2 protein chains.
Amino acid sequence: MVPEINGKETKKSKLIANPNCTTAIGLMALWPLIQKFGCKRVIMSTYQAASGAGQPGMDELKDGTKVWLEGGSPENKTFAYPLPFNVIPQIDKFQDNGYTKEEMKVTWETRKICGLPDDFPVSCSAVRIPTIRAHSEVIIMETEKPVDIAEARKVLDAASGVKLVDDTANLKYPMPLTATGQYDVEVGRLRKSLVFGDYGIEFFVSGDQLLRGAALNAVLVGEEMVNNGALKSKAKA
Amino acid sequence: MVPEINGKETKKSKLIANPNCTTAIGLMALWPLIQKFGCKRVIMSTYQAASGAGQPGMDELKDGTKVWLEGGSPENKTFAYPLPFNVIPQIDKFQDNGYTKEEMKVTWETRKICGLPDDFPVSCSAVRIPTIRAHSEVIIMETEKPVDIAEARKVLDAASGVKLVDDTANLKYPMPLTATGQYDVEVGRLRKSLVFGDYGIEFFVSGDQLLRGAALNAVLVGEEMVNNGALKSKAKA
């Protein structure tokens with residue numbers, strides 16, 4: 001389904017609910033594409049940085065990597081296992097359905113933010129990897145309308161908060177290396193899905209979740225609410 | 001569809017075709033599940049180690065990480081960009097359809113090995129991450145029969161070359177940290193898919209592709225061919 005613009009809902013409230021960082025980064029690219037092509041299913045696999053666990057997480061990765069390179073055994077206090085040169089397929093606690101809370105946040109918040117039904121099929125695998133900052137995500141969407149990749153690029157190029165980095169001939173695609181410290185979420189590797197044919201799109205995003213996923217997002221939501229008039233009456237009161 | 005056992009095909013040839021390492025690792029878990037529940041679609045996102053590029057790849061990651069931690073800029077010769085604390089969503093060359101050759105190998109070889117039709121929907125996003133050894137993969141399969149997770153665990157527990165590591169209550173799941181140096185591919189995080197309902201399963205694998213994905217696999221295929229009689233006549237000749 002192609003949902004209504006979320007801004008209409010936002011006007012009803014004076015509270016800013018800042019989404020989970022993984023969801024926020026993914027939806028910067030997903031929302032323009034959902035509006036263009038409609039949405040039947042979303043599947044996401046994440047490549048999440050140590051910074052998701054704050055400064056202690058980043059320090060633990062850096063310090064542990066040094067220890068590992070010197071032949072020692074890295075300690076782990078912030079993460080369930082040592083993260084240097086490892087992959088940990090768990091972020092937050094496990095739920096009864098086998099998904100973690102981080103994964104369910106992507107499901108719950110994507111439905112909520114995009115105005116999709118409570119049982120809309122969204123699935124995530126949230127995975128911690130040994131990067132310092134910027135989360136990356138593989139996203140696959142089954143669409144309602146046939147996908148045109150040139151149109152998808154146009155839509156994303158015009159979208160606010162998105163930087164289209166999609167020139168595979170010149171090896172340009174999203175990476176933490178380039179997304180770190182940037183306000184905009186990098187989106188690229190756009191292609192028609194081999195599992196959903198004309199009705200599916202696959203792509204890759206990388207975004208600095210210390211910016212887009214946290215404080216910056218709250219400020220931008222607040223600004224948007226002022227600009228669209230939602231906060232006007234309060235400012236006058 | 002639930003395909004025929006691949007061993008019947010193998011008997012027709014005396015050549016051992018060793019699959020791509022990413023495909024080999026994923027199929028260790030996928031094949032028993034395909035036989036049990038049937039298969040309509042496969043979606044894979046990979047977390048591939050530097051060792052996929054051989055010793056130069058592993059050295060470049062280790063050396064570059066040291067340089068990075070000392071405040072320098074890592075060089076890159078083997079990889080398209082510096083890999084330390086980065087993510088590179090490209091392995092091998094780009095094809096006309098927007099997928100890389102590594103991604104298409106997963107599509108082509110999964111179809112071939114599992115005896116699935118030439119247009120069977122299999123899709124992969126192949127991503128290089130800063131780990132030394134052992135590839136990890138998020139795998140999502142739409143099935144023909146309803147999925148029972150307890151049955152899926154039983155099937156994988158009995159499968160050759162697979163180590164079931166699926167005890168989330170005790171934070172046991174597949175990781176490069178534990179899969180490295182092991183012959184068996186670790187499989188865990190088994191759960192019903194939120195996008196395919198009763199007809200879908202999601203899971204995570206981690207396997208040492210220097211073993212399972214390469215020489216060990218060729219030896220095991222050869223042994224299997226001797227054991228099932230395919231190479232008997234040649235040995236006598």
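This passage describes how two protein chains meet and how the sheet in each chain is built, as seen in a predicted model.

A good place to start is the contact between the chains. Chain B contributes 60 residues to this contact, and chain A likewise contributes 60 residues. Together the two chains bury about 5,000 Å², with 67% of that area on carbon and sulfur atoms. Three residues stand out on the side of chain B: F85(B), L194(B) and V195(B) provide 13% of the area that chain B buries against chain A, more than any other three residues.

Polar groups also take part in the interface. Between chain B and chain A, 29 residue pairs are in polar contact, both residues being at pLDDT 80 or more. The side of chain B that touches chain A draws at least two residues from each of several elements, including the helices α3 (54–69) and α4 (101–113) and the strands β1 (41–47), β3 (135–142) and β6 (200–207). Sorted by character, the residues on this side of chain B comprise 35 nonpolar, 16 polar and nine charged. Charged side chains form two salt bridges between the chains. In one of these, R189(B) meets E103(A) with an N to O distance of 2.8 Å.

Attention now turns to the sheet of chain B. As a reminder, strands of a sheet pair through backbone hydrogen bonds, in either a parallel or an antiparallel manner. In chain B, six strands make an open sheet with mixed pairing, and their order is β2-β1-β3-β6-β5-β4. Strands β2 and β4 (162–164) of chain B lie at the edges and have a single partner strand each, so one side of each is left without a neighbour in the sheet. On average, neighbouring strands of this sheet are turned by 25 degrees against each other, direction ignored. Within the sheet, β5(B) and β6(B) run antiparallel and are joined by five bridges. G188(B), for example, has F204(B) in β6(B) as its bridge partner. Helix α5 (residues 149–158) of chain B lies across β4, β5 and β6 of chain B, and runs at about 170 degrees to β5(B).

Chain A can be followed in a similar way. Its six strands form an open sheet in the order β2-β1-β3-β6-β5-β4, again with mixed pairing. The edge strands of chain A are β2 (122–125) and β4 (162–164), each pairing on one side only. From one strand to the next, the twist averages 25 degrees. Three bridges connect β4(A) with β5 (residues 185–193) of chain A in the parallel sense, and V162(A) has V185(A) in β5(A) as its bridge partner. Helix α2 (residues 21–37) of chain A lies across five strands, β1, β3, β4, β5 and β6 of chain A, running at about 35 degrees to β3(A).

Technical notes: Residues numbered from 1 in each chain as written. Chains lettered and ligands numbered in written order. Predicted model: local features only at pLDDT ≥ 70, side-chain atom pairs only at ≥ 80, totals over all residues. Heavy atoms only, no water. Contact = heavy atoms within 4.5 Å. Buried area = accessible area lost by both parts, 1.4 Å probe. Salt bridge = Lys/Arg side-chain N within 4 Å of Asp/Glu carboxyl O. Polar contact = N/O pair within 3.5 Å; in protein donor to acceptor, adjacent residues only side chain to side chain. Helix = DSSP H or I, 4+ residues; strand = E, 2+ residues; numbered from the N terminus. Nonpolar A, V, L, I, M, F, W, Y, C, P; charged D, E, K, R; others polar. Pairing = 2+ DSSP bridges. Axes fitted to C-alpha atoms, helices over the stretch in contact; angles between N-to-C directions.
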